Amino acid sequence: MLEDMLAFAVVVEQSSMNKASVLLNLSQPALSRRISKLEEELGVELFRRLGKRLELTRVGQLTYEYALELRSLHQRYLHTVSGFRNEGPTEVTIGASLTTLQTTLPDFIKSLTSSHPDLDIKAVTGKTHEIVSLVRERKVDFGIVASRIQDPQLHCVPLFDDHLVLVMPRNLFVSDRGPMSISELNGFPMILFTKGTWYRTLTDEVFDKYKLEPDVRMEIDSFEAILRLLVTCRSATLLPRSYVRQELLDDNELTVAPIRELEQTKRTTSLIYASPSGLSPAVRLWVDSLAAAYPRL
């Protein structure tokens, strides 16, 4: 149907079967058959045939507008494919902040490699402001950060909202007691992420806001290590909700203890990139596909 739609658009623009057949390098009978076939497939008349003159019906006008969109989309697609052919081996460099390295980046890489198995992916990690600088200086193709970035040199695509949750050993939490109070974290034994990330900053802001002084047993820069130590140390931790999956809880005999105030600790994970004109067609396609994988905020 694509070729028939494109041929139909040319007929409308030329207002003549003869002229359209010349442009399309088709005989007039062959072009007429294409238009008739399209009308048959759609189940409507696209033209009123007034002698030798063709006049668009109302549905014919709607179909022409759709055919223009289809032609534009088809041309963009061919341009992107051409970019893939001309670039040779495909490679992308992703900048990930320390938090997204452990939460969002694995899913991103899985999504990319599933649709582009030959893709060579490189990742550069750092603090959020460092990733912003790398993207601005075009040292990475795009970045993933746990924040909304306001920078006139960058495009920021919000992906999803995240907040902190309290994770603790199951044997320390009575499930039928109802939600915990945030004040119960005062003096509570905890293992925290090391300082220097938005996530730890957000954690400290919660403690300051509610005047809490937890009993900090350890500070570690790995979510996985924190989870593995919670039962042994009989401690709790605060983690981004996006990282906490049921299989991780089950494997480490942990649970999420509901605390209403923590739901207000919202942060937005975003995809950032420089001007689209500076991106290769392949990278533009990956950016668009990654952004589309998440519901708009």
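Colleague: Arginine 170: what is its relative accessible area, and is it buried, exposed or partly exposed?

Modeller: Keep in mind that this is a predicted model. Partly exposed covers what falls between under 20% and over 50%. Arginine 170 fits that class, as its relative accessible area is 40%.

Colleague: Which side chain meets arginine 170 in a salt bridge?

Modeller: The two side chains come to 2.6 Å, N to O. Arginine 170 sits in the loop between strand E7 (164-169) and strand E8 (189-193), and its partner is in helix H10 (residues 246-251), 80 residues apart. That partner counts as partly exposed at 39% relative accessibility. So the name you want is aspartate 250.

Colleague: Why does the pair of lysine 37 and aspartate 4 tie parts together, and how many residues apart are they in sequence?

Modeller: Their side chains meet in a salt bridge at 3.9 Å, N to O. Lysine 37 belongs to helix H3 (residues 28-42) and aspartate 4 to helix H1 (residues 2-14), so the parts tied together are apart in sequence by 33 residues.

Colleague: Which residues are linked with Asp4 and Lys37 in a network of salt bridges?

Modeller: Lysine 37 is partly exposed at 44%, while aspartate 4 is buried at 5%. Besides these two, the network takes in Glu3 and Arg34.

Colleague: Arginine 260 and glutamate 261 meet in a salt bridge; is glutamate 261 buried or exposed?

Modeller: Their side chains are 3.5 Å apart, N to O. Arginine 260 is exposed, at 55%. Glutamate 261 has a relative accessible area of 13%, and the cut-off is under 20%, so glutamate 261 is buried.

Terms used:
Residues are numbered from 1 along each chain as its sequence is written. This is a predicted model: local features need pLDDT of at least 70, side-chain atom pairs count only at pLDDT 80 or more; totals for chains, interfaces and linings use all residues. Side-chain values use heavy atoms; hydrogens and water are left out. A salt bridge is a side-chain nitrogen of Lys or Arg within 4 Å of a carboxyl oxygen of Asp or Glu. Helices (H or I, at least four residues) and strands (E, at least two) are DSSP runs, numbered from the N terminus. Buried means under 20% relative accessible area, exposed over 50%, partly exposed in between (1.4 Å probe, protein chains only).
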